[in-house]
2 protein chains.
Amino acid sequence: METGPAETRWLDPAERDAWLRLVAVVELLPGILDAQLRGSSGLTHFEYFVLAMLSEAPDRTLRMTTLAQRTNATLPRLSHVVRRLEDRGLVVRVPCPEDGRATNAHLTDAGWDAVVAAAPGHVETVRSHVLDPLTREQLDQLRDIGDALLTTLDPEGRMTALFE
Amino acid sequence: METGPAETRWLDPAERDAWLRLVAVVELLPGILDAQLRGSSGLTHFEYFVLAMLSEAPDRTLRMTTLAQRTNATLPRLSHVVRRLEDRGLVVRVPCPEDGRATNAHLTDAGWDAVVAAAPGHVETVRSHVLDPLTREQLDQLRDIGDALLTTLDPEGRMTALFE
DNA sequence: GCCGATTAGTTGACGGAACAACCAAAGCCT
DNA sequence: AGGCTTTGGTTGTTCCGTCAACTAATCGGC
């Protein structure tokens, strides 16, 4: 007779195989991306991602909250990062005219140059470490798996604004 | 005529689709795992993983170097983490008898209890956020994709000792 | 039009991770 | 056997991320 919470359903071999590999990838990939970008541009992958989002935005400008959603950052984290980027002259913060509470982050010319300089090396790393080892079929499978996972990992679809 | 380095091959739409989703997953998953474990057991996912590796090892003991490989940690990182776990009584460090340079990390009974207590909630999180959204077919695809990626992300197969 | 509630963002303190410098034990070479 | 090299770990500094507390501005009800 069960008295406490339901028995744990442990992972069967197929589940365990998939899960362990996903954990390994999740653990290894950030380090690879950070190392390459830090070495060649002095940017964190997260900093690069922030700059890249701004570079694709209209007028190279986004509200802090929007930028936080697109990069999956908390607002405090983004605030600190943007301050550091501002210290380096890659971004400026401008009070939003329409809403006195809001702040707009705007990519400077120097920031644009930094993204343009960093992009080729970054793309090359993504190719050699992630895309090239996969077949075309696996690429499609990965997209669908990513969609399925993001349904639960990001139910509000905050980060998926990029590709939806 | 090309003079500088080769032109960058930018990502085509299929590549971009897959890549952006993978980045999102890699960015989101660690936070989910950490939050659940920290809330229910006061353990980081990495700390949990360290304890779990020890719990499966013969005599619940592993050399620091081996443990670092299995968890994809640098030795300094692992050293700090193990010291904190030792402060909490979950692990003890014992000088290795066969090699005076080496240190063995051994899971205490309290550490074993901590893993056993934390495991069900962790597995439940893995199920609800990762495994359940995927079809059985996608589970197999994910395993193969993981294998392909780990070939380049972890060429020495240090982390794959778990399932190879 | 004013007051509470919500939203937007910043700041400061604390904890964890990377990197570099360091120490100690073992292996090796002659 | 003595000295160089390599291997195994630890320690300290610095940087980044999280959490909690706080400020400022907008909104909503009356």
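Let's start at the DNA: of the 19 residues around DNA strand C, the nearest are T65(A), S79(A), R93(A), T103(A) and G100(B). Keep in mind as you look around that this is a predicted model. Two of these residues reach the phosphates through their backbones. In T103(A), a backbone N or O atom lies 2.9 Å from a phosphate oxygen of DNA strand C, and for G100(B) a backbone N or O atom likewise lies 2.9 Å from a phosphate oxygen of that strand. R101(B) uses its side chain instead, with a polar atom 3.5 Å from a sugar or linking oxygen of DNA strand C. Helix 3 (64-70) and helix 4 (75-87) of chain A, together with helix 4 (75-87) of chain B, are the elements that each give two or more residues to this surface. Helix 4 of chain B provides the largest share, five residues.

What does the protein meet on the DNA side? Sugar or phosphate accounts for 72% of the atoms of DNA strand C within 4 Å of the protein, and bases for the rest. On the protein side, the surface divides into six nonpolar, seven polar and six charged residues.

Now turn to the cavity. A search of the whole structure finds one of 30 Å³ or more, with a volume of about 110 Å³. Its lining has 13 residues, and L22(A), L142(A), I145(A), L22(B) and L142(B) lie nearest the centre. Helix 1 (13-41) and helix 6 (136-153) of both chain A and chain B each give two or more residues to that lining, which divides into ten nonpolar, two polar and one charged.

Finally, follow helix 1 of chain A from end to end. At its start, a side-chain oxygen of D12(A) reaches to within 3.0 Å of the backbone nitrogen of A14(A). The helix has 29 residues and spans 42 Å from first C-alpha to last, close to the 42 Å expected. After it comes G42(A), with a positive phi near 70 degrees.

Definitions and conventions: Residues numbered from 1 in each chain as written. Chains lettered and ligands numbered in written order. Predicted model: local features only at pLDDT ≥ 70, side-chain atom pairs only at ≥ 80, totals over all residues. Heavy atoms only, no water. 1 Å grid on protein atoms, 1.4 Å probe; cavity = no way out; pocket = protein on both sides within 12 Å on 5 of 7 lines; lining within 4 Å. Points joined across faces, edges and corners; volume = space filled by probe spheres on them. Helix = DSSP H or I, 4+ residues; strand = E, 2+ residues; numbered from the N terminus. Nonpolar A, V, L, I, M, F, W, Y, C, P; charged D, E, K, R; others polar. Expected span 1.5 Å × (residues − 1). Polar contact = N/O pair within 3.5 Å; in protein donor to acceptor, adjacent residues only side chain to side chain. Near = heavy atom within 4 Å.
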